[in-house]
Amino acid sequence: ELKQLLDNAVTAHADILAAATSDDLTGIDTTDYLNMGIDGVDGDLSDGDTSNDGNLAAVNDALINTGNTLDTAASVQEVVDSYNTILTTATEDAGTLSVENLTDIGVTLEAGTEAVVAELASGVIASLGYSDVDTVAETQAIVDAIDAVFANTLRTSDTDNIHTSVVSKAELHTLGFSGVTD
């Protein structure tokens, strides 16, 4: 029985790493994570019922996007834990994200503003819902919108030819502002 558990863990780890490397985790399910000893992954993507997808799709998306080396169960668990922190912040309307929570799932942060952006992203994500951050692209869009706000603060006037960044209506919507018009 122990040999079977070890074989299952080795196979699951190889499957998850191969799938993450190929950017296709569609065949990876919660059993793979459980066999590998990874906690905090739930859901079923195989039945076409989105009401029971859990966080499986989000975690799989993070494993495709992370820049982390996924060579151990602990490295995979780190990505899972980081994404669960982000998802919990959205569902519980509170929480503090670290730079690592964002970068572990593959979000890129501007050098020099990482900690401040992570802090602001915590507040923005807490004001949004689970479905607003259940892909890395959505979470990246929030960070990009925060970066646009920072860049916009450098403008000295509407005719500033050096600092030309302007926060778009779409970026304001991403940050949770409603009623924004052109």
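**Notebook: an eight-helix predicted model**

**Helix α7.** I began with α7, whose 17 residues reach 24 Å from the first C-alpha to the last, close to the 24 Å expected at 1.5 Å a residue. The expected span is 1.5 Å times one less than the number of residues in the helix. Helices here are DSSP runs of H or I with at least four residues, strands are runs of E with at least two, and both are numbered from the N terminus.

I noted the basis of the entries: this is a predicted model, in which local features need pLDDT of at least 70 and side-chain atom pairs count only at pLDDT 80 or more, while totals for chains, interfaces and linings use all residues. Residues are numbered from 1 along each chain as its sequence is written, and side-chain values use heavy atoms, with hydrogens and water left out.

I then listed the buried residues of α7, where buried means under 20% relative accessible area, exposed over 50% and partly exposed in between (1.4 Å probe, protein chains only). They are Val136, Thr139, Gln140, Ile142, Val143, Ala145, Ile146, Asp147 and Ala148. I looked up their partners by contact, meaning heavy atoms within 4.5 Å. The buried residues of α7 pack against α3, α4, α5, α6 and α8 (169-174).

**Helix α4.** I turned next to α4, residues 73-92. Its 20 residues reach 27 Å between the first and last C-alpha, close to the 28 Å expected at 1.5 Å a residue. Buried residues of α4 include Val76, Val79, Val80, Tyr83, Ile86, Leu87 and Ala90; among the others that are buried I recorded Ser75, Gln77, Asn84 and Thr89. I kept in mind that an α-helix has 3.6 residues a turn, so residues three or four places apart point the same way. The buried residues of α4 pack against α2 (30-36), α3 (56-65), α5 (99-104), α6 (114-127) and α7 (136-152).

**Nonpolar core.** I looked up the largest nonpolar core, a core being a set of buried Ala, Val, Leu, Ile, Met, Phe, Trp, Tyr and Cys residues joined through side-chain atoms within 4.5 Å. It has 41 residues, and those with the most contacts inside it are Tyr33, Leu63 and Leu102. The elements that give two or more residues to this core are α1, α2, α3, α4, α6 and α7. With seven residues, α4 gives the most to this core. I followed tyrosine 33 further: leaving aside neighbours within four places in sequence, its contacts include Ile16, Leu25, Val41, Leu56, Leu63 and Val76.

**Positive phi.** I recorded as background that most residues other than glycine have a negative phi. Aspartate 23 has a positive phi near 60 degrees and lies in the loop between α1 (2-21) and α2. Its relative accessible area is 49%, so I entered aspartate 23 as partly exposed. Aspartate 93 follows just after α4 with a positive phi of about 55 degrees, in the loop between α4 and α5. At 53% relative accessibility, aspartate 93 counts as exposed.

**Two residues followed in detail.** Isoleucine 64 lies in helix α3 and is partly exposed, with a relative accessible area of 26%. Leaving aside neighbours within four places in sequence, isoleucine 64 is in contact with Ala20, Asp23, Asp24 and Leu25. I also looked up isoleucine 64 and isoleucine 105: they are 41 residues apart along the chain, and their C-alpha atoms are separated by 8.5 Å.

Asparagine 35 is found in helix α2 and counts as partly exposed at 31% relative accessibility. With neighbours within four places in sequence left aside, asparagine 35 is in contact with Asn8, Ala9 and Ala12. Asparagine 35 and glutamate 119 are 84 residues apart in sequence and 35 Å apart in space, C-alpha to C-alpha.

**Whole protein.** I closed with the totals. The secondary structure comes to eight helices and zero strands. The C-alpha atoms fill a box of roughly 70 × 35 × 25 Å, taken along the principal axes. Of the 182 residues, buried ones make up 36%. Residues 24 or more positions apart account for 55% of the contacts with a separation of 6 or more. The protein exposes about 9700 Å², of which carbon and sulfur atoms supply 52%; accessible areas come from the Shrake-Rupley method with a 1.4 Å probe, and for residues only the protein chains shown count as cover.
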